[in-house]
Structure formats: C-alpha cells, structure tokens
Amino acid sequence: MILIGQYDSPFVRRVGIALALYEIAHDHYPWSTFADGERIAAYNPLRRVPTLVLDDGTALIDSNAILDHLDEQVGPARALFPAAGPPRRAALRITALAAGLADKAVSLVYERVLHAEPSALWSERCRTQIAEVVRLLEAERAARATPYWQGEVIGHADIMLACALRFAGEAHPGLIDQATIPALMAHCARCEALPAFVAVRQVFVPPA
C-alpha cells in the first residue's frame with residue numbers, strides 16, 4: 001500500500017494519521033501536486049492528493065473514499081467513524097465542516113500563488129466561510145466536556161479538525177484569531193500531542 005502526497009496537505013495528513021492509528025503498514029511517496037504532477041498522474045489522472053494505491057494496484061482518490069476503505073478494512077469495532085445512526089451523522093457533519101474549512105484555506109493559497117492579481121471577492125468569500133465555520137465549531141466544542149468530539153476515543157472528525165486548523169494557521173498566519181477559540185485550540189493541542197500526529201507532520205511552505 002502506498003500513500004501519495006505531502007503531509008503539509010490537511011487531507012493527506014488526515015489519511016496518514018488514520019493509517020498510523022490503525023497501524024496499517026504502507027509506503028509514503030511525498031510527492032507534490034506542483035512539482036510531481038506527472039508522477040502522480042501515473043496513479044491518478046486528476047493529479048490530486050491524497051492518492052492511496054492498494055496492494056492490487058487500485059488507486060483510491062479522495063480522502064473520504066480512502067478513509068471509508070480503511071474503516072472497512074479494520075472493521076466496525078476499530079473504525080474511527082461510528083457505524084450508523086445519529087452518532088455517525090453527527091461525526092460526518094463535523095468532519096464535513098472541518099474539511100470545508102481546510103478546502104477554503106487551500107483555495108486561498110491557490111488564489112495567492114497562482115494569480116498575479118488575486119480576486120478580492122473570492123478571497124473575502126473564503127475568509128468569511130472560514131470565520132463562520134470556526135465560530136460555529138468553537139461554540140459546539142465549548143459545550144462538550146469530553147476529551148474528543150464524541151467521547152473518550154478519537155475519531156475522524158477530531159483528526160480532520162486538527163489538520164484543518166493547523167494548516168490554516170500555517171498557511172495564513174493571523175487569519176484565525178486563536179485567542180477567540182480556546183475550546184478548539186485545546187482540542188487541537190490534545191490531538192497534536194498524540195504520537196500519530198507527531199509522526200505525521202510537515203510544516204506548510206507556500207509553493208513558489
């Protein structure tokens with residue numbers, strides 16, 4: 001099994017952390033979509049990461065699809081999403097909000113590095129979306145006393161949230177006022193202290 005992509009991507013990192021938590025052996029090809037697009041294309045014509053190449057050569061191409069496969073492989077007792085019902089829907093909702101935050105932060109990077117004159121309208125829209133998602137997540141996390149979002153055990157929602165906020169903070173310093181989100185910052189610090197998070201980590205450096 002091969003995981004393709006650099007860990008400075010919040011989406012590659014969420015997969016890498018899940019693989020570490022599941023203790024699934026794999027190789028890691030830290031290829032960049034900018035510098036290594038043609039190499040990625042041999043496995044994924046979209047030239048996107050993360051891409052997970054299974055032992056039979058099948059390439060899975062979306063972090064959600066990849067994690068769905070990994071959850072199936074480890075079985076419901078170990079899967080990091082609840083199996084069904086309201087707990088699963090709640091976890092999927094928080095994960096989607098965190099993934100959307102990360103996606104908007106990535107969009108701001110592309111807008112900045114790919115366009116000589118970034119769109120002020122698009123950039124402001126992304127910043128507004130990020131701010132509103134962060135505000136909602138802070139209020140909901142502050143209302144919970146458990147170590148992780150849904151209890152005593154970490155899940156995919158926790159991982160995606162921590163990866164998204166770390167990326168946003170490194171890619172756009174000052175975009176999110178960390179002093180205004182103490183519950184989220186404590187949550188992320190708890191996650192980032194775990195060995196899997198420490199092992200799967202790469203500081204974001206904007207592409208030239």
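**Cavity lining**

I began with the lining of the largest cavity in this predicted model, and found that α6 gives the largest share of it, 4 residues. Two elements give two or more residues to this lining: α1 (10-22) and α6 (156-171).

I then wrote down the whole lining for anyone following along on screen: Y7, D8, S9, P10, R13, C163, R166, F167, E170, R201 and Q202. Sorted by class, the lining holds 5 charged, 4 nonpolar and 2 polar residues.

Next I looked up the volume, and the largest cavity comes to about 60 Å³. How many cavities of 30 Å³ or more are there? I noted a count of 1.

**Where α5 meets α7**

My next stop was the pair of helices α5 (residues 120-142) and α7 (residues 182-192), whose axes come within 7 Å. I read off a crossing angle of roughly 75°. Angles of 65 to 115 degrees count as roughly perpendicular, so α5 and α7 are roughly perpendicular to each other.

Which residues make the contact? On the α5 side I listed V134, L137, E138, R141 and A142. On the α7 side I listed P182, A183, L184, H187 and R190. By class, I noted 6 nonpolar, 3 charged and 1 polar residue in the contact of α5 with α7.

**The loop between α2 and β3**

Here I had two things to jot down. The peptide bond from V49 to P50 is cis, and its omega is near 0°. I placed P50 in the loop between α2 (37-41) and β3 (51-53).

R47 also has its place in the loop between α2 and β3. I noted a positive phi of about 60° for R47, although R47 is not a glycine. Is R47 buried, partly exposed or exposed? The relative accessibility of R47 is 35%, and the range between 20% and 50% is partly exposed, so R47 counts as partly exposed.

**The loop between α1 and β2**

My last lookup was E23, which sits in the loop between α1 and β2 (27-29). E23 is not a glycine, yet I found a positive phi of about 60° for it. Its relative accessibility is 71%. Exposed means over 50%, so E23 counts as exposed.

**Back through my notes**

If you want to retrace the entries on screen, I would start from C163, R166, F167 and E170, which are among the residues lining the largest cavity. From there I went to the contact of α5 with α7, including L137 of α5 and L184 of α7. The cis bond from V49 to P50 and the positive phi of E23 complete the tour.

Notes
Residues numbered from 1 in each chain as written. Predicted model: local features only at pLDDT ≥ 70, side-chain atom pairs only at ≥ 80, totals over all residues. Heavy atoms only, no water. Axes fitted to C-alpha atoms, helices over the stretch in contact; angles between N-to-C directions. Parallel < 35°, antiparallel > 145°, perpendicular 65-115°, else oblique. Contact = heavy atoms within 4.5 Å. Nonpolar A, V, L, I, M, F, W, Y, C, P; charged D, E, K, R; others polar. 1 Å grid on protein atoms, 1.4 Å probe; cavity = no way out; pocket = protein on both sides within 12 Å on 5 of 7 lines; lining within 4 Å. Points joined across faces, edges and corners; volume = space filled by probe spheres on them. Buried < 20%, exposed > 50% of the residue type's maximum accessible area, 1.4 Å probe, protein only.
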